[in-house]
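Dear colleague,

I am passing on a structure to you, and I would be glad if you could open it before reading further. My notes on the cysteines and the aromatic rings follow below it.

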Amino acid sequence: MNRLFRHGLCLALAVGLALPAGMAPAAAQMAGPDLSAATGAVFLPFLNAPASGEAIARTPKLEIRFPGGRKRRAVMDTGSTGVVVSANLIPNLSQLPQLGPGSLTYSSSGQIEKGVWVQTPLTLRGADGTRVTTRPMPVLAVQEVACMPKARRCRPNPNPTHIAMVGVGFARQHDHQAQSTPDHNPLLSIEGMGTPSQPGAMRRGYVVSRAGVLVGLDVPSTQGFTFLKLEKSPTYPDWQAVPACLSVAGRTPPACGTMLMDTGVTTMYLKVPPEQLSGLTAPDAKDQPALVPGTSVSVSVTGAQGISYSFAAGDTANPVAPLNVVLVGRDTNPAPFVNTSVRFLNGFDYLYDADGGYVGFRPLK
């Protein structure tokens with residue numbers, strides 16, 4: 001047994017969460033996509049990957065480079081969609097095709113990054129020098145950082161110079177990211193990949209682990225995954241978010257909504273009905289409601305049998321436990337929601353198949 005599990009990993013692979021009576025699953029567990037014709041998958045080790053057997057505790061990074069430019073370190077973020085880079089870091093910016101003004105909001109921090117969309121290829125490189133290059137695609141050249149009202153971590157900046165984020169998520173348009181459609185995802189725009197209407201030999205998808213990201217999918221790399229078929233978005237050319245049920249301190253019925261596996265943060269963001277939290281919170285150092293240390297939180301992917309985990313708030317010995325849990329207010333969208341944080345990867349490898357509309361989860365042993 002490796003060190004990760006000796007330090008107290010507590011996967012609840014059968015926590016017994018169930019849907020409320022009369023509620024049907026939003027998605028059905030499937031055998032998985034047909035990858036028999038898929039070829040060309042490329043593994044990019046993270047620049048800051050933990051040592052073998054160690055837990056991941058930081059947001060993962062890859063190298064990004066634009067034609068004629070210098071290499072930069074960038075966060076690989078499954079919690080957003082789109083390449084977002086300070087304008088000064090993009091060579092020959094004024095000569096690139098302009099696609100119009102743009103902005104992308106990170107709701108976890110409250111940062112609003114504003115600029116102009118330009119079209120350019122880019123190269124992503126892993127720690128061992130392995131690289132992939134995209135077709136010309138939209139990139140947000142950031143010229144200003146503004147802040148949402150009551151932003152958690154944000155400082156306005158009229159001339160940002162060090163922003164580099166590679167957003168590779170899906171189903172993010174509803175969360176202040178209306179422009180973040182799949183054509184803005186670099187891992188779905190690699191040379192050799194096809195389009196939604198005409199798939200290529202290289203499958204549009206990826207596998208994320210603690211060690212790195214596999215760009216493209218094939219049969220050998222997807223063994224051992226439990227798959228879940230996603231619903232199509234009724235509004236965007238995208239798939240809907242992963243359905244999940246949440247329970248605090250084992251309270252029933254669980255709160256069923258959606259889950260985001262977000263490598264861009266180490267903090268969990270949790271939104272559940274008040275009855276799930278009654279008597280379980282206390283003011284934190286900032287006088288905000290927080291879970292009482294030791295309170296259990298359980299997350300179960302709806303329709304993916306056995307894909308569940310749990311932890312106790314404040315348990316620093318449990319690698320799947322986030323470094324912090326932020327309770328999100330029930331604003332205009334009261335639906336239950338959890339952002340798992342990058343610490344999810346200490347319990348599972350995570351797969352996304354954009355061509356077929358699947359997510360996959362492979363429990364670590």
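Tyr 309, Phe 311, Phe 344, Phe 348, Tyr 350 and Phe 361 come together in one aromatic cluster, and please keep in mind throughout that the model is a predicted one. To read what follows, it helps to know that a pair of aromatic rings is described by the distance of the centres and the angle of the planes. The count of aromatic pairs comes to ten. One of them is formed by Phe 170 and Tyr 352, which are stacked, with 4.2 Å from centre to centre and 0 degrees between the planes. This pair links distant parts of the chain, since Phe 170 sits in the loop between strand 11 (164-168) and strand 12 (205-208), while Tyr 352 belongs to strand 24 (residues 348-353), and the two are 182 residues apart. Are these two rings buried or exposed? Phe 170 is buried, and Tyr 352 is buried as well.

Another stacked pair is that of Phe 344 and Phe 348, where the centres are 4.9 Å apart and the planes make an angle of 20 degrees. Phe 344 and Phe 348 are both buried, and both are also members of the cluster named at the start. A charged residue meets a ring elsewhere: Lys 229 lies over the face of Tyr 358, at 5.5 Å from the ring centre.

Now to the cysteines. A disulfide is a covalent bond between the sulfur atoms of two cysteines, and how many of them are there in this model? The count comes to two disulfides, and when the bonded cysteines are counted along the chain, they follow the pattern 1-2, 3-4.

One disulfide is formed by Cys 147 and Cys 154, with their sulfur atoms 2.0 Å apart; the link is left-handed, with -85 degrees about the S-S bond. Cys 147 counts as partly exposed because its relative accessibility is 26%, and Cys 154 is likewise partly exposed, with a relative accessible area of 25%.

The other disulfide joins Cys 245 to Cys 256, again with 2.0 Å from S to S. This pair links distant parts of the chain, with Cys 245 in strand 15 (residues 242-248) and Cys 256 in strand 16 (residues 255-260), eleven residues apart. The torsion about the S-S bond of Cys 245 and Cys 256 is about 100 degrees, and therefore this disulfide is right-handed. Why does Cys 245 count as buried? Its relative accessibility is 3%, and buried means under 20%.

With best wishes

Note on methods:
Residues are numbered from 1 along each chain as its sequence is written. This is a predicted model: local features need pLDDT of at least 70, side-chain atom pairs count only at pLDDT 80 or more; totals for chains, interfaces and linings use all residues. Side-chain values use heavy atoms; hydrogens and water are left out. A disulfide is a pair of cysteine sulfur atoms within 2.5 Å. Buried means under 20% relative accessible area, exposed over 50%, partly exposed in between (1.4 Å probe, protein chains only). Helices (H or I, at least four residues) and strands (E, at least two) are DSSP runs, numbered from the N terminus. Rings of Phe, Tyr and Trp (its six-membered ring) pair if their centres lie within 6.5 Å; planes under 30 degrees apart count as stacked, over 60 as edge-to-face and the rest as tilted. A charge sits over a ring if NZ of Lys or CZ of Arg is within 6 Å of the ring centre and within 35 degrees of the ring normal.
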